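This report describes the fold, the surface and the aromatic contacts of one protein chain. The sequence and the structure are shown first.

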Amino acid sequence: MSSNRLTALVTGASSGIGAATAVELARRGMAVAVHYFNNEAGAHQTVHTIRAAGGEAIAIKADVRQRSDVESMVAEVLKTFGTIDVLVNNAGSLVARVPFLETTDEHWEDVLRLNLSSVFYCTRAVARHMAKQSSGIVINVASIAARHGGGPGAICYGAAKGAVLAMTKGLAKELAPYGIRVNGVNPGVILTPFHERFTSEELMKRMVDSIPLKRAGASEETATVIAFLASKDAQYLAGETIEVNGGQLMD
Ligand SMILES: NC(=O)c1ccc[n+]([C@@H]2O[C@H](COP(=O)([O-])OP(=O)(O)OC[C@H]3O[C@@H](n4cnc5c(N)ncnc54)[C@H](OP(=O)(O)O)[C@@H]3O)[C@@H](O)[C@H]2O)c1
């Protein structure tokens, strides 16, 4: 690494919340590994935005559903930056809206691998390194679906995100003795390619009507909460998942 900056690995940083998070962490002085899978152009755009502002970033490709891909990605980031101080487990997707009675085994397994196994593989690979340096921060991007079960056709996704929520708490307890803080965010309705792909205009209108702030959120409004969790300001938070949903769901 060319400096003594803190370093972050943000998965799914080729668009949406992940891209905004990578840019925000870089704005706060971190060197950022911008992970992508299919959207290489998006990842390069994120890297370009960071570098244009004087920051340090690299793009790195991996299929986070595959353990070996994840382990190679983490090794590559460590080779480049020398360390990983912050891991943001953001990559994820609904994959498709499928009514439960029509759900196939393949869909169930794909959604679980993308949204849950990915968090397991990435956190295990990075936490092994963080434990050696006796410090680290892990932030999991779950979803409002983890708490209300998911919108239409999102049973598998809601179940996977619910498990991420539980994993955030378990990891927070088990990794705290190694100096690793684990927290998360539950985005509500955030305007990203996610909804362009999966949400009709009519469904979006219904969802926004149910939000007290009467609008969907922006990626940047989620990124600043993630950056807060990655900062010293959040140093006494562990196992917490912050709702970023404009009041759509409250305890
Ligand atoms: N937007 C919302 O309202 C909302 C609400 C709740 C939770 N979330 C969560 O927020 C996170 C970010 O979503 P977003 O809304 O920002 O959506 P997005 O713009 O579609 O971003 C999804 C990211 O995940 C990556 N990804 C997808 N499949 C992958 C795979 N197999 N391996 C590696 N990376 C993969 C994508 O990479 P490539 O495009 O490069 O393949 C992309 O960077 C997700 O975990 C999502 O579940 C979003």
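The text below moves from the overall dimensions of the chain to a group of aromatic rings.

The model is a predicted one. Its protein chain contains 9 helices and 9 strands. The C-alpha trace spans about 50 × 35 × 35 Å along its principal axes. For 251 residues, a compact globule would have a radius of gyration near 18 Å, and the 17 Å of the protein chain agrees with this. Of the contacts in the protein chain with a separation of 6 or more, 74% are between residues 24 or more positions apart.

The following table collects global values of the protein chain.

| Property | Value |
|---|---|
| Share of buried residues | 53% of the 251 residues |
| Accessible surface | about 11700 Å² |
| Share of that surface on carbon and sulfur atoms | 54% |
| Positive side chains | 24 |
| Negative side chains | 24 |
| Separation of the centres of the two charge sets | 5 Å |

Aromatic rings form 3 pairs in the structure. In one of them, the ring centres of Y157 and F194 lie 5.8 Å apart with their planes at 50°; a pair counts as tilted when this angle is neither under 30 degrees nor over 60, and so the pair is tilted. This pair connects distant parts of the chain, since Y157 belongs to helix α6 (residues 155–175) and F194 to helix α7 (residues 193–198), 37 residues apart. Y157 has a relative accessible area of 10% and is therefore buried, the cut-off being under 20%. Ring pairs also join Y157, F194 and F198 into a cluster.

Terms used:
Residues are numbered from 1 along each chain as its sequence is written. This is a predicted model: local features need pLDDT of at least 70, side-chain atom pairs count only at pLDDT 80 or more; totals for chains, interfaces and linings use all residues. Side-chain values use heavy atoms; hydrogens and water are left out. Helices (H or I, at least four residues) and strands (E, at least two) are DSSP runs, numbered from the N terminus. The radius of gyration is taken over C-alpha atoms; the globule rule is 2.2 Å times the number of residues to the power 0.38. Buried means under 20% relative accessible area, exposed over 50%, partly exposed in between (1.4 Å probe, protein chains only). Contact means heavy atoms within 4.5 Å. Accessible areas come from the Shrake-Rupley method with a 1.4 Å probe; for residues, only the protein chains shown count as cover. Lys and Arg count as positive and Asp and Glu as negative; His and the chain ends are not counted. The place of a charge is taken as NZ of Lys, CZ of Arg, CG of Asp or CD of Glu. Rings of Phe, Tyr and Trp (its six-membered ring) pair if their centres lie within 6.5 Å; planes under 30 degrees apart count as stacked, over 60 as edge-to-face and the rest as tilted.
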